[in-house]
Amino acid sequence: MIKSPLKSKVDPRDGKLAMAHLYVAFIALLVGGLAGLLQVLVRSGKFQLPAGIGYYQILTVHGVVLGLVLTTFFIMGFQLSVVSKTAGTFTDKQRTVGWIGFWIMTIGTIAAAVMILLNKASVLYTFYAPLQAHFIFYLGLTLVVVGSWTVGAAIIMKYAEWRRANPGQQSPLLTFMALVNTLMWIVATIGVAATVLIQLLPWSLGWVDTVNVAVSRTLFWYFGHPLVYFWLLPAYMVWYAIIPKIIGGKIFSDSLARMSFILFLLFSIPVGFHHQLLEPGIDAAWKFLQVVLTFAVVIPSLMTAFSLFASFETFGRSKGAKGLFGWLKKLPWGDARFTVPFIGMVAFIPAGAGGIVNASHQMNQVIHNTIWVTGHFHLTVATAVVLTFFGAAFWLVPHLTGRKLTKKMNKLALIQGSLWAIGMTFMSGAMHAAGLLGAPRRSAFSDYGGSAQAAEWIPYQIAQAVGGSILFIAIILMLYIFINLAFFAPKGEQEFPVGEALHPEEKAPMVFENWKLWLGITVLLILFAYTIPFIDLIQNAPPGSKGFKLW
Amino acid sequence: MAKAELKSKTKTEIEDSSSLKGTLASVFFVGFFIIVLWIGVYFLYLDRF
């Protein structure tokens with residue numbers, strides 16, 4: 001029997017690096033959350049921004065700071081922690097690489113944030129050309145991406161070292177998962193790096209006059225969809241490999257978890273066209289192909305749902321639960337480390353179902369560019385993912401800072417999760433409903449010249465403001481808990497929960513660790529899905545567009 | 001007769017402890033939710049386009 005290499009505690013030096021990432025992430029939560037609150041208030045029609053601040057400026061702050069900064073920094077900090085815990089402490093060289101990556105990302109973030117706050121880059125979250133930002137904004141975002149590659153390199157180096165030291169053995173599950181997410185991220189960010197470096201930077205610097213809009217949007221969404229899986233996979237790491245330990249149960253199947261991650265690596269990327277279903281210039285056949293691939297990526301999510309239910313039921317029945325749903329009662333509802341991510345899991349059911357509607361080619365016309373889409377990703381990333389990250393922070397932060405999650409903080413955390421659920425039900429529910437009635441997304445308050453249809457949306461916009469305000473209270477509560485856990489909670493040892501498989505004797509096939517094979521298939525799928533459309537977009541391009549600054 | 005009853009009771013308990021029928025019901029619920037939402041929007045689509 002091989003001894004588990006699991007360390008009881010993450011080395012403090014690695015902990016410090018991970019915490020550096022988490023500090024930036026939670027500062028981003030405050031700034032981005034405040035911008036979100038202002039947005040819903042403006043859209044209620046009862047409030048106007050002071051001092052000439054523009055709606056589209058705070059929209060850009062909200063999207064970039066939460067969608068790119070909070071997520072990327074939290075994920076990097078989280079992945080560094082799980083790799084250090086399960087594959088062993090980073091070497092000094094690896095840790096230095098991690099720190100260099102952290103500082104590159106942080107400098108890039110500050111540069112981009114300053115340009116947005118100076119109102120030189122109100123190009124919305126997707127920074128769609130021909131909206132043109134100051135070149136420092138694009139440069140800053142490039143640094144964020146390059147920095148994330150550098151942090152990713154530390155994870156890859158650690159994984160390679162582990163494989164060399166343990167030949168013929170499967171890597172620890174959480175390290176394997178962090179590696180898959182890192183590889184997927186590197187392949188995906190090549191798209192955004194390409195559009196920024198080849199198109200947007202030279203254009204914003206005035207070196208070229210025009211930009212091929214369709215190519216830039218296609219490169220963006222080549223990156224933009226795997227980006228959502230880059231957010232989701234760390235949440236799945238918690239759901240698959242950590243929550244079972246928290247509830248006192250087992251991972252239903254180690255092999256199933258690995259296989260679902262491999263499927264995400266293969267199918268997350270060649271699917272960007274489902275964000276462009278209503279765009280001209282891309283042949284419907286290629287859109288259809290990517291719709292089919294999008295439906296392929298539903299499969300590993302459904303596998304995840306099955307695995308989680310099975311993990312919960314097996315645990316409940318081992319505690320003597322009876323009946324069809326008796327096992328639900330055995331789950332530790334008083335433990336915020338479980339309950340807050342569980343709320344996220346529940347939210348992922350309507351979130352995923354809505355995503356299937358969005359990706360259904362022609363049906364996309366019903367919801368395209370409506371606020372339904374905003375409602376959709378506030379369930380996916382802003383509930384399922386974020387509540388899971390918060391749930392992880394409740395043990396990760398005190399573990400890394402040598403403190404303990406107290407009963408009082410646990411209680412506050414439960415209140416925080418419940419407030420989030422209530423606020424999001426109002427906000428996202430109203431967004432979905434208004435979207436079906438045609439209310440547009442990415443737009444400030446307007447009564448559209450007294451149109452009767454626009455008047456129908458107003459009550460929903462009020463409901464969004466109510467929900468958004470409740471969410472902001474939940475954010476403040478979360479920041480209070482974070483600061484407590486980082487600086488003020490009593491000293492002690494907080495467990496880093498790492499689940500064990502129900503059948504540890506069942507080894508996953510080693511082919512799962514064959515990266516030449518998986519990256520090879522990933523690249524082939526990408527080439528298949530994108531080569532001809534790109535040739536079309538470049539060969540048959542209309543004249544390029546000059547830059548616009550509409551704010 | 002008594003012996004038979006005892007046997008069947010034990011059997012049920014063994015089945016119950018490793019049963020995944022709640023999981024089956026749960027994944028069916030998820031599938032059902034996806035289908036209902038999809039069909040709902042599909043008819044909205046047919047109605048509008």
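**View 1. A mostly helical stretch of chain A.** Follow chain A from residue 16 to residue 551 and you'll find that 72% of this stretch is helix and 0% is strand. Its end C-alpha atoms sit 40 Å apart. Keep in mind that you're looking at a predicted model. An unreviewed UniProt entry annotates residues 16-551 of chain A as "domain: Cytochrome oxidase subunit I profile".

**View 2. Where chain B meets chain A.** Here 21 residues of chain B are in contact with 28 residues of chain A. Putting the two chains together buries about 2300 Å², and carbon and sulfur atoms give 76% of that area. Zoom in on B:Trp38, B:Val41 and B:Tyr45: within chain B, these three lose the most area to chain A, adding up to 20% of what that side buries.

**View 3. Polar links across the interface.** Hunting for salt bridges between chain B and chain A? The rule finds zero of them. Polar contacts do turn up, though: seven residue pairs across this interface are counted, with both partners at pLDDT 80 or more.

**View 4. The helices of chain B that touch chain A.** Two helices of chain B, helix 1 (2-18) and helix 2 (21-48), each bring at least two residues to the side that touches chain A. Helix 2 gives the most, with 16 residues. Sort the residues on this side of chain B by type and you get 13 nonpolar, five polar and three charged.

Definitions and conventions. Residues are numbered from 1 along each chain as its sequence is written. Chains are lettered from A and ligands numbered from 1 in the order in which they are written. This is a predicted model: local features need pLDDT of at least 70, side-chain atom pairs count only at pLDDT 80 or more; totals for chains, interfaces and linings use all residues. Side-chain values use heavy atoms; hydrogens and water are left out. UniProt positions are given in the numbering used here, feature names are shortened, and annotations may be inferred rather than shown by experiment. Helices (H or I, at least four residues) and strands (E, at least two) are DSSP runs, numbered from the N terminus. Contact means heavy atoms within 4.5 Å. Buried area is the accessible area (1.4 Å probe) that two parts lose on being put together, summed over both. A salt bridge is a side-chain nitrogen of Lys or Arg within 4 Å of a carboxyl oxygen of Asp or Glu. A polar contact is a pair of N or O atoms within 3.5 Å; within protein, one must be able to donate a hydrogen and the other to accept it, and residues adjacent in sequence count only if both atoms are side-chain atoms. Ala, Val, Leu, Ile, Met, Phe, Trp, Tyr, Cys and Pro count as nonpolar, Asp, Glu, Lys and Arg as charged, and the others, Gly among them, as polar.
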